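Dear colleague,

I am handing over the structure below, and after it I set out what was found. Please read the notes with the model open beside them.

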Amino acid sequence: MSRLEFSIAWRYLRSHRRSRRLSFITIIAVGGVVVGVSALIVIIGVMNGLQNDLRDKILVGSPDLRVLTFGADLKMSAWRTTLDKVRREPGIVAAAPEVISQGLINVKGHDYNAPVVVNGLAQPAHGTPAVTDVRDYAVAGDFRFRSSDGTQDGVVLGKRLAEQLDVYLGDTVTLVSGANVKMNQALGAYIPQFHEYQVTGIVSTGMYEYDDTYAYLSLAAAQQFAGLGDAVTGIAARTASRSEAPAVGAALDNLLGLPYRVITWQDQNSSLFQAFKLEKLGMGVILLLIVVVAAFNIVSTLTMVVKDKTREIGILKAMGMTSHAVRRVFVLQGLAIGVLGTGLGALIGLGAAVLLDRYKFISLDPSIYFIDHLPVTVQATDVLWIVLASVAIAALATLYPSNQAARLFPVEAIRHE
């Protein structure tokens with residue numbers, strides 16, 4: 001492209017006394033792109049923030065990796081050897097045995113029985129990180145499971161579960177287990193196992209599933225509750241970063257082989273995060289339509305410029321300017337509108353996202369949403385595809401009017417009134 005083409009394109013963009021209306025339409029076209037790009041960046045940032053916040057809440061009580069065995073009993077007997085292999089795997093920063101079981105919970109003298117997920121946790125060694133951060137969310141008591149008699153027969157309940165049962169620290173609850181169920185010949189019925197525990201802690205993670213249905217026991221107590229003896233249900237592991245979990249999990253799966261299997265935090269919540277991706281894609285396409293509408297403004301602006309400058313185009317072609325050069329003039333003009341609008345929109349969108357996240361202008365009720373403000377997380381890849389899509393749409397919008405200008409015949413164009 002020559003300097004002449006740039007000069008003519010710039011001249012057509014500037015405001016002149018005879019073309020005030022065209023300049024105003026150009027501003028409207030730029031404004032449409034600005035609104036579309038800035039809205040896309042902010043909304044996609046909000047969706048990223050909500051997804052990351054939910055992910056963090058899920059991973060409060062869920063490890064990055066779980067090593068399990070195939071089979072219906074989910075029982076791992078030789079877990080100490082497997083634990084050593086897991087701990088030696090590069091990328092693993094913490095690993096511990098765990099027990100996952102299910103049962104019912106009730107309070108003596110009450111008829112209400114609530115389903116509960118029993119999670120047996122091993123105490124982390126001194127100076128080593130825990131596999132999950134659930135211990136940091138205790139709002140009463142702690143995760144030492146030390147009952148008043150000095151034993152580790154304590155239980156930590158989710159806050160909502162404790163409220164349903166109307167229990168507090170020091171109260172006793174009964175957990176009903178389906179393990180080792182025995183037949184009572186006198187009654188002619190199977191009798192489940194009943195275990196009493198003292199409430200030694202209450203945890204509030206902000207995640208409904210954990211706060212409403214989880215009860216945490218020490219590893220030994222959970223093994224007894226689930227009837228596992230010395231076995232566990234699996235090994236929980238923590239990676240250096242959550243993004244490394246799939247790669248580390250794949251390497252660990254190859255190392256251990258059958259009968260072991262490794263599932264990541266993404267595998268455990270795949271349907272939820274797939275729904276988030278689909279929602280993010282749908283919202284991005286919908287908001288991208290704003291940029292498409294702005295592209296129609298670019299088409300109308302360039303079409304009016306071609307109409308207004310028909311005689312000038314005829315004179316330029318009569319003086320020797322080629323059709324390709326004329327086409328490039330209007331492509332440059334449309335790209336200038338697109339690039340300017342995209343740049344301003346990106347700056348405004350990024351600025352608004354940073355301000356929303358830092359100063360928390362949009363506050364939420366934490367008792368309903370479990371967050372006190374609207375989180376915003378801007379990812380560089382999202383900004384990049386928004387910018388590229390906006391510029392590409394602006395470039396496509398120049399094709400029709402630039403071709404119309406290039407097809408003008410010099411004589412007819414000069415005679416145009």
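The largest nonpolar core has 66 residues, and among its members V67, V86, I105, L157, Y216 and L217 touch the most others. A nonpolar core here is a set of buried Ala, Val, Leu, Ile, Met, Phe, Trp, Tyr and Cys residues joined through side-chain atoms within 4.5 Å, where buried means under 20% relative accessible area, exposed means over 50%, and partly exposed lies in between, with a 1.4 Å probe and protein chains only. Strand β2, residues 92–106, gives the most to this core, with 6 residues; helices (H or I, at least four residues) and strands (E, at least two) are DSSP runs numbered from the N terminus. In soluble globular proteins, nonpolar side chains tend to be buried together.

V86 shows what such packing looks like from one residue: leaving aside residues up to four places away in sequence, V86 touches V67, I92, A95, I235, A237, L252 and L256, a contact being heavy atoms within 4.5 Å. A second core, separate from the other, has 24 residues and includes I41, A346, V383 and A394.

Before going further, please keep in mind that this is a predicted model, in which local features need pLDDT of at least 70 and side-chain atom pairs count only at pLDDT 80 or more, while totals for chains, interfaces and linings use all residues. Residues are numbered from 1 along each chain as its sequence is written, and side-chain values use heavy atoms, with hydrogens and water left out. The mean pLDDT of the protein is 85, and 93% of its residues reach 70 or more, pLDDT being the predictor's confidence in each residue, from 0 to 100. Among the elements, strand β8 (residues 214–218) has the highest mean pLDDT, at 95, whereas helix α12 (residues 366–369) has the lowest, at 68.

Turning to charged side chains, the count comes to 8 salt bridges, each defined as a side-chain nitrogen of Lys or Arg within 4 Å of a carboxyl oxygen of Asp or Glu. R55, D56 and R242 are linked in a network of such bridges. Within this network, the side chains of R55 and D56 meet at 3.7 Å, N to O, and D56 also forms a salt bridge with R242, where the closest N and O atoms are 2.7 Å apart. The pair of D56 and R242 links distant parts of the chain, since D56 lies in helix α2 (residues 20–61) and R242 in the loop between β9 (234–239) and α7 (245–256), 186 residues apart. R55 is partly exposed, with a relative accessible area of 23%, and partly exposed is also the class of D56 at 31% and of R242 at 25%.

Are the partners R66 and E98 buried or exposed? R66 counts as buried because its relative accessibility is 10%, and E98 counts as buried at 5%. These two form a salt bridge whose closest N and O atoms are 2.4 Å apart. R66 lies in strand β1 (residues 65–69) and E98 in strand β2, so the bridge ties together parts that are 32 residues apart in sequence.

Two further buried residues may be worth a look. T174, in strand β6 (residues 172–184), is buried at 9% relative accessibility, and its contacts, not counting residues up to four places away in sequence, are L104, I105, N106, F194, H195 and E196. S390, in helix α13 (residues 380–397), is buried at 2%, and with the same exclusion S390 touches V33, V37, V291 and T342.

Helix α6 (residues 219–226) has 6 of its 8 residues buried, so it is largely enclosed by the rest of the structure. The buried residues in α6 are L219, A221, A222, Q223, F225 and A226, and just after this helix G227 takes a positive phi of about 65 degrees.

Finally, helix α11 (residues 323–359) holds L340, which counts as partly exposed because its relative accessibility is 46%. A336 is also placed in helix α11 and is partly exposed at 30%; A336 and S363 are 27 residues apart in sequence and 38 Å apart in space, C-alpha to C-alpha.

With best regards
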